[in-house]
Structure formats: structure tokens, C-alpha cells
2 protein chains.
Amino acid sequence: MKKFVYSFGGGKAEGRADMKDVLGGKGANLAEMSNLGISVPAGFTISTEMCDVYYKNNRKYPPELEKEIQQALANAETIMGAKFGDATNPLLLSVRSGARVSMPGMMDTVLNLGLNDQTVEGLIKKTGNDRFAWDSYRRFVQMYGDVVLDMKPESKEEHDPFEIIIDEVKKSRGVKSDSELTAADLKDLTYKFKKLIKEKKGLDFPTDPWQQMWGAVNAVFGSWMNQRAITYRRLNGIPEEWGTAVTVQAMVFGNMGMDCATGVAFTRDPSTGERAFYGEYLINAQGEDVVAGIRTPQQVTIVGSKKWATSNNIDETARSKQYPSLEESMPQAYKDLETIYLKLENHYKDMQDIEFTIQNSKLWMLQTRGGKRTAAAAVRIAVEMVGENLITKEDAVKRVKPTDLDQLLHPVFDPKAKKRLVAKGLPASPGAGTGRVVFHADDAEAWAAKGDKVILVRIETSPEDIGGMNVAQGILTSRGGMTSHAAVVARGMGKCCVAGCGELNIDYPKKILSVRGETIKEGDWISLDGSTGDVILGQVPTVNPELSGNFGTLMKWADEYRQLDIRTNADTPKDATVARKFGAQGIGLCRTEHMFFEGDRIKAMREMILADTTTDRVKALNKLLKHQTDDFYGIFKAMAGYPVTIRTLDPPLHEFVPNEDANQAEMAREMNIPVEKVKAKVQSLHELNPMLGHRGCRLGITYPEITEMQARAIFEAACQLTKEGVEVYPEVMVPLIGTIQELKIEKATIKRVAEETIKKYGVTLKYLIGTMIEIPRAAIVADQVAAEAEFFSFGTNDLTQMTFGYSRDDAGKFLPVYLEKKVLTADPFQTIDQEGVGKLMEWCIERGRTTRNELKIGICGEHGGETESVTFCHKIGLDYVSCSPYRVPIARLAAAQAAIKFREFRDERLKKQNHKPVKAKPSEV
Amino acid sequence: MKKFVYSFGGGKAEGRADMKDVLGGKGANLAEMSNLGISVPAGFTISTEMCDVYYKNNRKYPPELEKEIQQALANAETIMGAKFGDATNPLLLSVRSGARVSMPGMMDTVLNLGLNDQTVEGLIKKTGNDRFAWDSYRRFVQMYGDVVLDMKPESKEEHDPFEIIIDEVKKSRGVKSDSELTAADLKDLTYKFKKLIKEKKGLDFPTDPWQQMWGAVNAVFGSWMNQRAITYRRLNGIPEEWGTAVTVQAMVFGNMGMDCATGVAFTRDPSTGERAFYGEYLINAQGEDVVAGIRTPQQVTIVGSKKWATSNNIDETARSKQYPSLEESMPQAYKDLETIYLKLENHYKDMQDIEFTIQNSKLWMLQTRGGKRTAAAAVRIAVEMVGENLITKEDAVKRVKPTDLDQLLHPVFDPKAKKRLVAKGLPASPGAGTGRVVFHADDAEAWAAKGDKVILVRIETSPEDIGGMNVAQGILTSRGGMTSHAAVVARGMGKCCVAGCGELNIDYPKKILSVRGETIKEGDWISLDGSTGDVILGQVPTVNPELSGNFGTLMKWADEYRQLDIRTNADTPKDATVARKFGAQGIGLCRTEHMFFEGDRIKAMREMILADTTTDRVKALNKLLKHQTDDFYGIFKAMAGYPVTIRTLDPPLHEFVPNEDANQAEMAREMNIPVEKVKAKVQSLHELNPMLGHRGCRLGITYPEITEMQARAIFEAACQLTKEGVEVYPEVMVPLIGTIQELKIEKATIKRVAEETIKKYGVTLKYLIGTMIEIPRAAIVADQVAAEAEFFSFGTNDLTQMTFGYSRDDAGKFLPVYLEKKVLTADPFQTIDQEGVGKLMEWCIERGRTTRNELKIGICGEHGGETESVTFCHKIGLDYVSCSPYRVPIARLAAAQAAIKFREFRDERLKKQNHKPVKAKPSEV
């Protein structure tokens, strides 16, 4: 028969720390502590598997559960020396939820269970403290009423009916705080509460402790499906089928007198990672009092206490008298606590977050778990623990969450500053930005030119806005998702961006935006937090995090494990330099289209677009050639010694012509042509579905002179640098290939120009010509494409769009619903859809390497910097991932973690494909 | 050593009729006739393989060729009793191209080769006819000059320089026609021609017959790559690598005197298929004279001649004197011809198109080939030949080209009518339509209501235009391809459509269209030929073809062979009835969106779209429920006994709201809401890439009440009919599925409603719930999808769009270039791309049937009615194809031909998938 109930307490337990799936985090750790001989109040955990049975069985339990509970409870009674429901020596219980991962505050809890009119008398006798006993009883009835009997008000506007009664009693007694109420008052309250329940729910408050317990267990299991919990799970990607465990445990009290206390502590500083025991406690208090912040908690250690006093301007006399540390006030309990925390940290080999209660001078441990920490602390703790021989380098690498590194790489708002939130959008690109609102890219540039800091606010951005985005402190849009133009470009620039903030009403003509009743005009200050999506009124000071030596150490260790090369997506020498600093081993995607917007270039570009003949097109393109050559020269130089993948022109031509009347008129004036001609061209370039339109290599095929000019610029720059003694490895990448013929045609042009130029300069230059894989058909016929392509680079943004048939610009209309209804478990534009898109990638790799086993394969979609996707890329045998500069460290760490976890899986695949990766030069930092 | 030259003549030949690939059609048939003992002028054919060698070898021949030719020529000289280049008994040659399939007029020919100043004298002596000899010589120099020496004028505007000289000579001689020129004149012309060549090209006209021959052979091989030929091949899908053969053959002359003649004939009537020998001839004439139409040709048979005379009001005396038949004028030659044509037809077992020349009373056959015929003739001949025991039923089924049936199904313009062509677009939907031009769908309806016939002219159409399209005689658009909205809907309606006619300049405000200098106003008459893409000014009378009994017979035979079921795409009872008449075995796609445009429905639809709450949406949907139920009732009834696949709502909601200001204002007025609300909604529904947007099942998931209403309508109608004793098999099809979860959610709603309704009516009803496969991801995860889907239907239009990343609305910008540059061998929206999209289909089928081997799989994209695609669908194991009603017979025939060719291929696949198709009820007609 399956076991559903696991006992713990008295120095042993039926569970273990590694049984979190079955016992939940709390239950597993209580069992583990018990096994370690640490004193925890005895009790038992009903497993998560019962949660599953409960829901599948129409919210009913199998009959054997009751017997198991009876046995476990008897065991706890023996250990604690008290009896559940006993009128003279009652054992009181807490009933708590506990899922595999912590879901703080999401589910229900019942405390002091087992009290009734008889047992309360026993409690009074046992403790000699009638106020404590009646207060416990009153709290129990209130909590039980709320949680089990559904007395909670339906809306937030209504007051809790119990609190209303408390206020009435306080008023009638003429007192202000709860602590002034007497035992009699509390007894009075208890009866009033019961009466209210009878009135509202038509039932007597259950007096049978067993009935109380079943009610509480039901409520806790039931709370797994409350709306809060469902939403939390969705936001945090926790599967519903995990379920919660229920831990029933003997109550201990920190509020029974002055020899009682309760506290929480971290075994190291969770903010900096410093190896210093850090905690707070309160004498004669309950756990919730520490959290609630009604009384000022005291420090656990003397060192901590003195530090605290100094920063609060409290002199040593006052401190030691009014706010003594636990080390001073209860030295024995403190010593026990010290022994235990060191034991726990040594045992778990990680910084712990612990909760304890001291009841009549005896220390009880209520909880231990891995402590939450800042990214900086995570890195420091991991690196230092290796130094302490507590963990291995591998452990250290595994322990830091790659995405947390983001915090270390971008300036952040001063956490102490006050903030006035006015809206919340998608956290599209991390970092903090403060500036004055402008609504047009041109304005951004103009304002920035005279020294103003600006935030560019747009409904959505387009490549025309690049200049303005580049000078802005941050970008805010009301439309578009995490992979919208604004988001992608901002991440590439390492600039903060809040995107898709649908609440904003942006009025371009009036240059105002309104949101939540506020009107923000051009020139007003706002601040954006790109890591949270917060839009804040006014200026918020930022702090610039320094990269520690520990960070560098961890990165070096990560590099020892990872098998994937990490490249970056960079379009400028500046981006390239930043990425090099973060350890990029080359450029995986250099987009060339942004280069056509600067200064006079857009004019030449527009001349090219308006040209009626090839001759005129070539003439206009020749004006761009010099610029492009300079661009590539700078980028190659910044990436000296590393490969640089350059994508030929990709976006549809209509992105280079203005849509608005005024701009069209200006363009006509500048080019000295009738505005009708401009309008006609813009009209003829219009497409119903531009994403599936005339772009990518389709442009190069219809206008080979564009490809030719770009190829010439690439090889002119590369040959020049080679002559100057700089190592250059150009990789020319043709976008949007769907058929082998397209690649053949484009490759022929590029190869011809390359050979001509190399010959002209008389140099030796290694270069590759390859293709993006972003059209499903290209993946399907990869065996053919690999015959021509020397490398593949997955463009997973477009590949996802076409494989799903989702326009990432429009999917905002249904993606939220899809995530809510669990049609999708994750946004496929953020995390590679492994079942669909990923399957296509796997096919593509296998077929591609069947034709050409040395085929180098990478990824340059936004997914290249996302942890889960990097793991997938490692598994399926990619050679490299490429991501925006600020994500390079994340990718390095994620790749290392993937290698530790899936090395063999990958090795087997590569062997089957007969593929031996040629590793790039290692990261320099 | 490889053989390149194949002799024929004198009752034997080195080649055979089945060697068309090597000898070209002409060469192979000359060889075959020779083998049959039929007298053909002797000669030889240089194989198509030499064409390949020639081009691969930089337009040079291998040395062995010359020797082979010498031998073959010697053989011909022996047979013909004359000698090439001999001054007294010269053999003259023709040099002609001949590809595997006929490419009439596309390549070059040289006649009378071997003449020079010496041999012309020999010819004069031999024939005693100096005018004939000099005329032959003059023609030779002119033709050789044009073809070999490149004397042809460069542009069409320039006159042929030889013709200018002829005109000058005629002027100076004071005569009007060529025939009035004397031998001396012709001699004069010959010298003048040579002089001109010397002046223009700086070379003497070659006098060496061998040099002449090599020049001619070069020219013929060279003409394979002339622009005309390239274009023709592209239009007709002829691969370049086939190459042409060159046939060099002794000349025979029909113009040497009154005992000479030349003619062409068909062994049966090519227009009706009647078994009647039909031909025309001219006495003392050359082949080109018959074609040129300068002299009125005479009939070959007496019967034909009398008929001809009657219809030309010529009395029997005049006829027998002026226009005697060959049967009368040269009875022996006629008798020989009769023997030969019967022999040929018996031998080839097909109607033949023959060419003959009678030289000095001796009959020579110059060509035989399968005769081109109308579709009606093709059907009649095939069926009657089975009756004559000439061919088998299988042969008959194989012999008719499925697409040709189109001609039989739509009214066509009277071929005798005069037509003034003003533009040419894509032949998007066959048929002939004449009507008055209107530019708006509303106008079309208004004009039609008062009895006018209209042609709806639009830049492009949208679902809003359905009403207007429905009443129009034809649809003409300036944008969009063969699968544009206009084209698809028109084909569905069996209405003629010319689409993507880019020459048209349509001015909506002025209600005019201009093209090629013509201005066509609203109300002007135009005519459209949807089978050719012709746009014709004015009215053209049409003739309505009757479906013959032979057609029915052929269809029945086809059904005996085919393994695919044939369904139809039909949205109305009318369409369904038409399709039943054509033999549809059910509906494969019933689109429901068109149903929301009629009358008041669009109002309710718009109310639904504008609703802010589910309650309001349901209220609006309830107004539509009754209409939808009636729609389905009608369709089910029309398809009684056959399955009907109904697709739930597919297009994005913005297709149901007006885009133009005036219409928005009207909508606001009608609905009694502010126009701003309408505008805001339209704006919020706007999508950047609607093809990849909020549509298909994504609507059903976000608004489940839409699916629910549609399901209710379907099952209300089905249950009602079941109760009335009508057999109904509803198949509900969910569009745009990409994940299994989407189908689960939609299926749950549909199934619940189905069961509720069936229970309510107390009937037994078999129904299926399945999905379209049109999103690449659905095909990839087909194993999952098949767990829920009871059938798959490939939506190959969208599947092609997404697999290629082509928007079919926008691909017009690059598809023509792609076809021209051979990036694609065919438009993938017309013919399934077997390598890419097809591979995905194959994967999908295999994975789908692994999960569910009874899985029924069909196709409902436009490809379902296209011959090659139907063949592919047969091969990969589909259960049915579905196409527009007018394509059903085409699909039936194509499926039969595929079954005859690929039965085993299919059987093997199905066996592997463990799939046993359940055949639908057979076609009734």
C-alpha cells in the first residue's frame, strides 16, 4: 500500500531533504532537521501525492488516510508529551501547506488547532497564562473562520468581519492596541466570533479537534486551487500537477513569556553574500510579529546588533538595554542556534534561511531552506564556498541562476529611493533609465544633442527610430512584446526598455501620454525599470553595480565546463567592444540594416529604392559602399581574432521610406522629385503581410546589386585589415533562405566579389558563406541547403513565427490568453518551443550534417541568451549561441550548466552526426 | 561510342516512335513511319543528346559527329537517288528542330539547303522549271540569311530587309504579288539578297553545301536558347535540359507543278472528335501556303468538300470545278493517303495530325503526331476508340488531360466572335463573362438587382465583396495571384475571374479604369476570358457547352480506377448541388465566414465584435444562431448521404468591419453608437501581419462562445434532418491548430454541444471532430494532434504560406522573378511543393497514423483540384481531396490517372501505416 503520511520529530523522521517532490520543501526540511538530531516540534506531513488523489477523487480522501494520520499523530503526542484534544494537557497543532518550491503567502495556514472550551482551560493550567491561552483561542477561531469556514470578505473593499468586532470591543473598552485587551476581553471576543460564524454560516464552530483538523487539511489542499495560487504558478512556471503537501506539526510558542522568543536568520548576508550570521528576533512574540513590523526586531548577533545601532544612531548603553542581541539576552539559546546554523550550512552546503522559536528557553527549529539572495550575494557565496572546501567548482557553477546575472550587468535604481509607480509594462530589457519624455526619435536626438537625458515613448518603434533609441536613456512602448522591435533593439544596446505597456494612451499630435488619471507631457521626467516593467513618475537615482572579482572567477569556472561557444549580436564597434568585455567569442549576428539610417545614408538608400533602373540603383548603392566598408572595418577590428557573421540586407524596403505625409513631403523635397512619386513608391512597397513579404534574400535575388555592394564592403574591409596585420574571419550570412537555389544565386555573387577583392589585395583570407535557418522549408530541406551552406544559424524569432503562424507583433491579442489557458506553457518567443520549433531544428541539424559533417551551426535569435533555450541548444549539438552583449555572461553560465547536466547526451548526438566542433578562441574575460 | 545520328527512309529507320526523348517528336515519328513502310523523304536526326553536349562543350561538336552525318547523308542520297551539292542531280535538304514536345514556331528551320549557283542550274535541268528553281534559291538565301546569318531586324518595328528589296523589285516591275515575278526577277532578287548580306555582315553567302548545313544545324541547336523558346518553356513547364534534336531531311516539293500538292489533315475531327477524316490541301503549293491563308485551301475528302461548299454558299458545279477535293483531283494519291492515315491511326491508336506533300503525283508523308483537339473531342475520341477496340478503358482514362475538362464545364466565348483585347491578367478562374463594369460590390448588387449584367472590377477583393461577386458575371482584379481572395472565391462559385492584371489603373473615386491608352468607365461593357486571362472590350457572345454522354462514360471509367475520394469545397446548398452533379462524394471544406455577410447577419456579427462582455457577445451570437442553423440545414440536405466537413470561423475579425470612413459612419449610424467607437475597434483589430494573427481557432479559444454557437447550429441542423430521415454525416473541422491543447479546448466545446443536442433530439448521429493541418507546427506534432483529431485536412494554402514564409497576397513582388530565375520550378500556391511542403505532409501523415491508424486524411487547399497535386496526394496515401465544384471532374480524372500510375506506391505506404481507407459512397454521376 502506498504511504501518504510521513512522521518527523524526536531525532528521527520518515522523510528526507531530497523528498521535496513528495513532502514539499517545508516537510522535507523538517524531516531532514529531525534526522540531524535538531529539535523540531514533532508532527507529520501528508504527501503531495495525496493532493493529486484528493483532486482526482472529487475532493475526497481514501479511507486508509485517517488511520495513517492517527498513527502519526500518536507518535507526535508521545514525543511532545501532550495529547491532541486532551482537556488537561492539550497538544496544539499547526496545519501548513508546502509545495516543492516555496509559494510564499499563496496558500492557507491554520494555527493553534485543537483548542475548544475544554482544552483552553487545560492550556491555562499548563501555562499559568490565561491571557495567552484566550489570545491563542481567539486567534484560532478567527483564522479557522477565515480559512476553513470561508468568512473572508469577498472583495478587498470590505473589512474583515472579525476585525470589525475587535475594533468595536477596543472602542467599548477604551483601548487602542490589541495588547491592552485583557484575558476577559479576549474570551469575550472568542465567543463573539463564534456567534458571528453561527449567524453568517448557520453552523456551530466545531469543537471536536479531529473535525477541526480535517477542516484545516481540506482547506490547505483546497487552497492549491485558489486564484492567487493559480496565478502565482502561472507567473512562476510551476506545474499544477505538482500539488502541495500538508504539514501538521505541534505548536511551540514564542509568546508565552519573557523566556520565549521567535526569530528568523540567514547563515550569510543575503544582500552581499558576506560570511556573517545575520538574523532578527523578538522576545515574547509570535513569528508573524517579526514579519509584521509592528515591533522593531532585534539583531541576533552582537556584531549585527552593534552595526544596526550605529546606523540607527543608538548608543551602546541604550542598545544593550533596549535592543540586546539574542547572543546577549539568551546566550544558551544563541549558542544552540549557532551550533545548529553551522550544522545546517555544512549539511546543506548552502546559505540557509532559518526560522526558530524559543519556548521557555528551549530552542525549536521551525524551518530551514536555501536562502534567497541577490545576484551579487549568490556569486560571492558560491565562489567563497569553493574556497572553504564546502562545495566544488562544479557546484558553484550550478548554483547561480544565469538570469540573475542581469542584475549585475545593468545600473539599477537605488533600492532605498522612493518611487511613484504609474504603470507597469513588460520588462523587455533590464536596467534603469531616467529621463525626460519625448515622443519622436528626431526629438530624442535633438534634445540629447543639447545635453538632455530623454526617455523615448512610442506606440511602437521601427528602424527609423534607431537614432533616437540610441541616444535615449530608455524606451517605453505601449504596443509589442518581449521580442518587439523596441525590445530587441534595446537589449542589443544594453538599454532599458519597458514594452507593451497597454495602459498608456499616447497622443502624438498633442505630445502627451495619459495613464491612470495622470497626464505626462513632453519634457516631464519619468523613470523606467526594465527588470520589473515599472514606469515611475519623476527621477529616481540609480546605482552602478561593479563587477566583482568573484564574478570573473565564476565566469572562468563556467568556461571550463561549457562546450558551446558564445557569440554576440552586435551591429557596431561599440557593441562589439562591450560584448568582448563580457567574453563574447565572436559576432553571431551583425545586422546591416541599421547602418543605413545614419546621416546621409538614408538618402542614398532611398535613392536606391526609388531608382527605376539597375544602373540608377547601382549608382545609389555606390554611395553606400564607402560607409558600409567603414562600418565593417570598425566591427572586424573590434572583434579582431574572432569570427564575425554579417547578415546581408534583411528587412523589406518599405522600412526605409517614410509613412507619414510630412516626412514624405520632406523626402520629395530633399530628393527634388514630386511627392506623388514618393507616395506611389511607398504605396507600391506596401504589403499585407510584410513578415512574409519581399525581404531577406528575396531582395538580393530581385536586386543582386544590393548583395554585390554589401559583399564588396565586407571583403574590402576584411582585406584591408588583413593587410594591416589584423586577424579577420568574415562569415557572410544570407537571410530568409527557403530553397537551395536562392542560396546558390546569392552565394555565387558573394563568392565572386570575395575572390575578386582578395585577388585585388593579394592577401590570404579565410571566409565562410552560410545561411540563416528561419524559414521552415529551409529546415526541411537542410540536406540540400548544407550542400551550399558552410554554416547554419538558426533565426529562431522568424522560425518561431512561421512554425507557429504567429506574428510576434500581433500575437499580443491572444498569447496572454494562451498562457492563461495553458495552451502554451511558455511564450515561444522567449523560450524555444522544443516540441515543435525544436523538433524542426533537430531535423535540420541531422539532415544538414548528413550532407556536411563539419557544418558549423549556431543560433542568433533572441533565444540565444535565454537559459532554457541555451540548454536545448547545447543538447541538440549546436556549435555556438549568439545573444545581445549584455546576455553573454548569462549564456556562458547557462551553457556551462547545460554541459554539466547534458554532456553525454550531446556527445552522443555529435558522434552520430560525425561532427567534431572546432572551438573558437576562448573568452578573454 | 555513343550514337548521335539516326537515319530514316526507304522503309526502315534506326529510330522508333518511343525514342522522342532522343529524336524529338518529329524525328521519332518520321523514323516510325519509315519503319511502317510509309514513304517519307529520307534523312537523319541528330539527337537531343548532342544538344546537351553542344552547350556543355561551349557550343562545339565532338569530332565523331561529322563522320556520322556523312554516313547518314550518304544513305539518304542513295534512297532519294540524288546527291547533296551535285551540280546535275542535287539533293536539297530541310533542317528542322524537334523537341520531345512540340514547341510550334519557337525554334528555327532552314529549307532548300544545298542550293548554290551551280546546283540551281542542276535543279532547273532536273525539273525543267526555272522559275521554281530560282524561287527556291531566293527563298533559301532569304531564310538562311534570317536564321543563320542573323539578318533578322532587331525590333518588330523595323522591316525585314529582304522584304524591302522584294517590294522595291515588285515596284520597279510594276507588279503587285510575288507570283507575278518572273524567273529572271527571282534570280535578280537572289543576287540582291546576297549583296545585302555581304554589305551588312561583311561575308560572302556560303556556297559550299556542307558549310551551309553546319550553319543551319548550329542555328537550330542555337535556337533552343533563344528568348522565345526560353519563355515558351517556362510557360509550359518544359525543362531546359531536354534539348532539341535536329532533323535533316530530303526536300520534296508540292509546288513543282499541277501534279504537285501539299496538305494537312486530322484523322478525326479535332473540334468535335467525330470519326471523320478531315483535311485541307493546295495544288502546286508549299506547306507554308496552306497555313498562311493567302489561297483558300481545298478539302481533302468529298464529304468534307461538300459540307464546306454548303456553308460557304458555293454550288456543286463551282465546287467541283474550282475547289475539288483531293479525293477527286488526285484519286490515287488520296487513296494512298487514306490507307496511310488508317494505318497510322491504327498503329498509334490515337487521332493523328499529319502533313503530306505530293510531288509529281507521288505522296510523301512529312509528319505525323498526336493531333491537338478540344476537350470535347478528346473525350469523344477516347470513349469511341474503346468502342472500336482500338484502346482499353485504362488508355481512355489516361488519354484525356484532366485540366482540359475545364473547357467542358464553363461557358466559353464563341470562338468565331471578333475580340478586341485590351489587357491580359492571370487566368484565375475559367469561364467567359460579359457585363458592364462596376467598381464596388454594392454597385454590383444594385445594378444586378435591376437586371444588369455586371463585371466587378477591384484592385483586390475582400470578404465584404462576396455579395457583389456573387451577382457578377465575372471578376477582374489588378492585384493578387491565382490564389488571391478573388481567385479562390470565384473558382468556388464557378465564376470566371481574371486576377492580378497589373496593367490596369483603377481609380475608385472617378470610377474609371485606364489601360493601354483606353479609358473604361463605369457601365461600359467588357468581357473576361478566365481560361486565358484575356480582358476584352465590349460584349462577346458565349456558347454553353453541353456535357455529353461520353463525358459521363469517361468519368465512370475513371471512378473504376481511382482510390481517392473526391469531395468539394462548398459553402452553400447551391454549390453543394452543383458539386453533387459533378460527382462530389461529400464536402471537404464548408467555410462558414461567408455566411455572415448576407442581409442582417453582418449587423449581428458586428454587434458581436463590438461587444465588451461575454454576455453581450452571446446575445449577438444568438441572433446568428438561427441563420447558421438554416445554412447548415440546407447544405446537409443538399449533400444527403455524404459527409460534410464544416470549418469553424477562420478569418480575423477585422474582415467583418468596414475600413472606409463612409462605411464606418454608416455602421455607427446603424448600430446607434458613436463613430469613434467603431473607429477605435477597427483600429484595435488592425494587425501588422493578419495572416499570422488573431484568427482560426485562436478566435475560438479567446471567444469560446463563437465556437459554441457554431457547434450548436451544426448539430441542431444535423439532428433535425436525422429526425426527418435524412442521412447526415457532420465533420467539424477546427482551423489553424498549432498545438494539441488548442484542439483539446475546441473539441471539448464542440463535443459537449453535440452530445447535448443529440440528447435533446433523441437521435443517433455519427459525427467526427478533426482539424486542419495548415500550421507547420501542427504537422510536426501530428502524433500528438492525432490523439484528439478524428481526421486531418491539409490546408495547403496556408501551409505553403508558412512553410515558405510567403504571403500569397504579397508574393507577386518576387514570385515572377523566382520563376524566371528558376528558384522555383512552379508556383507553390498552384502545385504542391513536394520537396518542402510535401515532405512535411508525409511526416504528418506517418506520425498521425502512428497514433491513430484509422485517421482519415484529406486536403482542402486549392491544390486539391490541381492534377500534379492530386497525383501527389494519391501517392502519399490521402483518403480524399476536396476542390471547388467545377474542379471535381478534373480531380476524379486526375485521381484515376494517379491510381493507374502509382497504385503500388500508395498501397505500400498505406500498409506501412496500417491504414485501411474507408471509401465514401461512390459518385452518383
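In what order do the eight strands of the open sheet in chain A stand? The order is 15-25-24-17-18-19-20-16, and the pairing is mixed. Strands, like helices, are DSSP runs numbered from the N terminus, with at least two residues (E) for a strand and at least four (H or I) for a helix. Two strands pair if DSSP finds at least two bridges between them.

Before I go on, some ground rules. This is a predicted model, where local features need pLDDT of at least 70, side-chain atom pairs count only at pLDDT 80 or more, and totals for chains, interfaces and linings use all residues. Residues are numbered from 1 along each chain as its sequence is written, chains are lettered from A and ligands numbered from 1 in the order in which they are written, and side-chain values use heavy atoms, with hydrogens and water left out.

Back to the eight strands. Strand 15 (420-424) and strand 16 (426-429) of chain A have a single partner strand each, so they stand at the edges with one side lacking a neighbour in the sheet. From one strand to the next, the twist averages 35°. Inside the sheet, strand 17 (residues 432-438) and strand 18 (residues 454-458) of chain A are parallel and share three bridges. A:Val438 has A:Leu456 of strand 18 as its bridge partner.

Chain A has another open sheet, with five strands in the order 11-10-9-12-13 and antiparallel pairing. Here the edges are strand 11 (298-299) and strand 13 (362-370) of chain A; each has a single partner strand, so one side is without a neighbour. Strand 12 (residues 352-359) of chain A runs antiparallel to strand 13, joined by eight bridges. A:Ile358 is matched there with A:Leu363 in strand 13.

Next, helices. In chain A, the axes of helix 23 (residues 601-610) and helix 25 (residues 661-671) come within 11 Å and cross at roughly 90°. The two are therefore roughly perpendicular, a label for angles of 65 to 115 degrees. Among the residues in contact (heavy atoms within 4.5 Å) are A:Arg606 and A:Glu607 of helix 23 and A:Met667 of helix 25. The contact residues divide into three nonpolar, no polar and four charged.

Salt bridges number 129 over all chains, counting a side-chain nitrogen of Lys or Arg within 4 Å of a carboxyl oxygen of Asp or Glu. One joins A:Asp21 and A:Arg100, at 3.5 Å from N to O. A:Asp21 lies in helix 1 (residues 20-35) and A:Arg100 in the loop between strand 6 (93-99) and strand 7 (109-113) of chain A, 79 residues apart.

Finally, the two chains. A turn of 179° and a shift of 0.1 Å along the axis lay chain A on chain B with an RMSD of 0.4 Å. That is the relation of a two-fold axis. The superposition is by least squares on C-alpha atoms of residues with pLDDT of at least 70 in both copies. A:Asn689 comes closest to the axis of the residues of chain A, its C-alpha at 2.2 Å. Of the interface residues of chain A, 100% are also interface residues in chain B, so the copies meet through the same surface.

How values were computed. Axes are lines fitted to C-alpha atoms, for helices over the stretch in contact, and angles run from 0 to 180 degrees between N-to-C directions. Angles under 35 degrees count as roughly parallel, over 145 as roughly antiparallel, 65 to 115 as roughly perpendicular and the rest as oblique. Ala, Val, Leu, Ile, Met, Phe, Trp, Tyr, Cys and Pro count as nonpolar, Asp, Glu, Lys and Arg as charged, and the others, Gly among them, as polar.
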